[in-house]
Amino acid sequence: RHSVNAWIFGLVVSSYTLMEVLVSSRLALFFQRLEGESVEGAGAWVMLFFASLLASRLLFTFWTPKLETFKLIVGCLVLSVICLLAGIFVYPPLLSVAAFFMGPTYPLLMVKVGKEFAQDLPVVLSRGIAMSSLFVVSMNFMVGAVTDFWGLRAAFLIAPAFGVFALFLMG
């Protein structure tokens, strides 16, 4: 059971990492190609994305909600997925705002792994990080293929899909 949970944790971390890296690495392209932004304008949305990540991570260093870690992770993932979908289909600036909800997720996952796998922490963390690298490499291939066949907007759907996958795994 412990071993299975460690693999599931690795998949959750990898799915979240894929989601964050996909959006941050393709956000300027999204705004330039699909929203007609200039390079400078698209860069501003990328800057807002990273500023939102930073803001929420700073917020969580000074304020800890009185909810268990699991609920915080689920809430962050759900709000991230909602913002991503709304950004893809309705109001693109929400793609940058989604980072505010993504921000605490990775640190909260690290807290969870520290509590749940204290005895095997180095192995579980190493596995999770290695799986994340594999997911990011695979994501680059997937985004390219989906963009070629169905376009960039469809490729961006990979991000919320993996957010939903992470939620499913956390069950």
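1. **Terms of exposure.** A residue is buried under 20% relative accessible area, exposed over 50%, and partly exposed in between (1.4 Å probe, protein chains only). Lys-112 has 23% relative accessibility, so Lys-112 counts as partly exposed.

2. **Basis.** This is a predicted model: local features need pLDDT of at least 70, side-chain atom pairs count only at pLDDT 80 or more, and totals for chains, interfaces and linings use all residues. Residues are numbered from 1 along each chain as its sequence is written, and side-chain values use heavy atoms, with hydrogens and water left out.

3. **The main core.** The largest nonpolar core holds 46 residues. Such a core is a set of buried Ala, Val, Leu, Ile, Met, Phe, Trp, Tyr and Cys residues joined through side-chain atoms within 4.5 Å. Leu-22, Val-23, Leu-27, Leu-84, Met-102 and Phe-156 have the most contacts inside the core. Two or more residues come from each of helix 1 (2-35), helix 2 (39-62), helix 3 (69-89), helix 4 (94-102), helix 5 (105-116), helix 6 (121-150), helix 7 (152-156) and helix 8 (158-170). Helices here are DSSP runs (H or I, at least four residues), numbered from the N terminus. Which helix gives the most to this core? Helix 1 does, with 12 residues.

4. **Met-102 and its surroundings.** Start the core inspection here. Contact means heavy atoms within 4.5 Å. Leaving out residues up to four places away in sequence, Met-102 touches Tyr-16, Met-19, Glu-20, Val-23, Phe-49, Leu-53, Arg-57, Ser-80 and Leu-84. Val-23 and Leu-84 also appear among the residues with the most contacts inside the core. The Met-102 list includes Glu-20 and Arg-57 too, and these two residues form a salt bridge with each other.

5. **Salt bridge between helices.** How many salt bridges does the structure hold? There are two. The term needs a side-chain nitrogen of Lys or Arg within 4 Å of a carboxyl oxygen of Asp or Glu. In one of them, Glu-20 pairs with Arg-57, with the closest N and O atoms 3.2 Å apart. The pair links distant parts of the chain: Glu-20 sits in helix 1 and Arg-57 in helix 2, 37 residues apart. Glu-20 counts as buried because its relative accessibility is 16%. Arg-57 has 29%, so Arg-57 counts as partly exposed.

6. **Salt bridge within helix 5.** Glu-116 and Lys-112 meet through their side chains, at 2.8 Å from N to O. Both lie in helix 5, four residues apart, about one turn of the helix. Glu-116 is partly exposed because its relative accessibility is 36%.

7. **The largest pocket.** Its space is about 180 Å³. A pocket is an open set of points on a 1 Å grid over the protein atoms alone, where a 1.4 Å probe fits, with protein on both sides within 12 Å along at least five of seven lines; lining residues have an atom within 4 Å of a point. Points are joined across faces, edges and corners, and the volume is the space filled by probe spheres set on them. The lining consists of Asn-5, Ile-8, Phe-9, Val-12, Phe-70, Leu-109, Lys-112, Glu-116, Phe-117, Leu-169 and Met-170. Helix 1, helix 5 and helix 8 each give two or more residues to the lining. Helix 1 gives the most, with four. Both partners of the helix 5 salt bridge are part of the lining.

8. **Two buried serines.** Are Ser-96 and Ser-80 buried or exposed? Ser-96, in helix 4, is buried because its relative accessible area is 0%. Beyond four places in sequence, Ser-96 touches Leu-27, Trp-45, Leu-48, Phe-49 and Ser-52. Ser-80 belongs to helix 3. Ser-80 is at 0% relative accessibility, so Ser-80 also counts as buried. With the same sequence neighbours set aside, the contacts of Ser-80 are Met-19, Ala-98, Phe-101 and Met-102.

9. **Three residues to check by eye.** Ser-38 sits in the loop between helix 1 and helix 2, and its 37% relative accessible area makes it partly exposed. Trp-150 belongs to helix 6 and counts as exposed, at 65% relative accessibility. The C-alpha atoms of Trp-150 and Asp-120 are 42 Å apart, across 30 residues of chain. Phe-60, in helix 2, is partly exposed at 22%. Apart from neighbours within four places, Phe-60 is in contact with Pro-65, Leu-72, Pro-104 and Leu-108.
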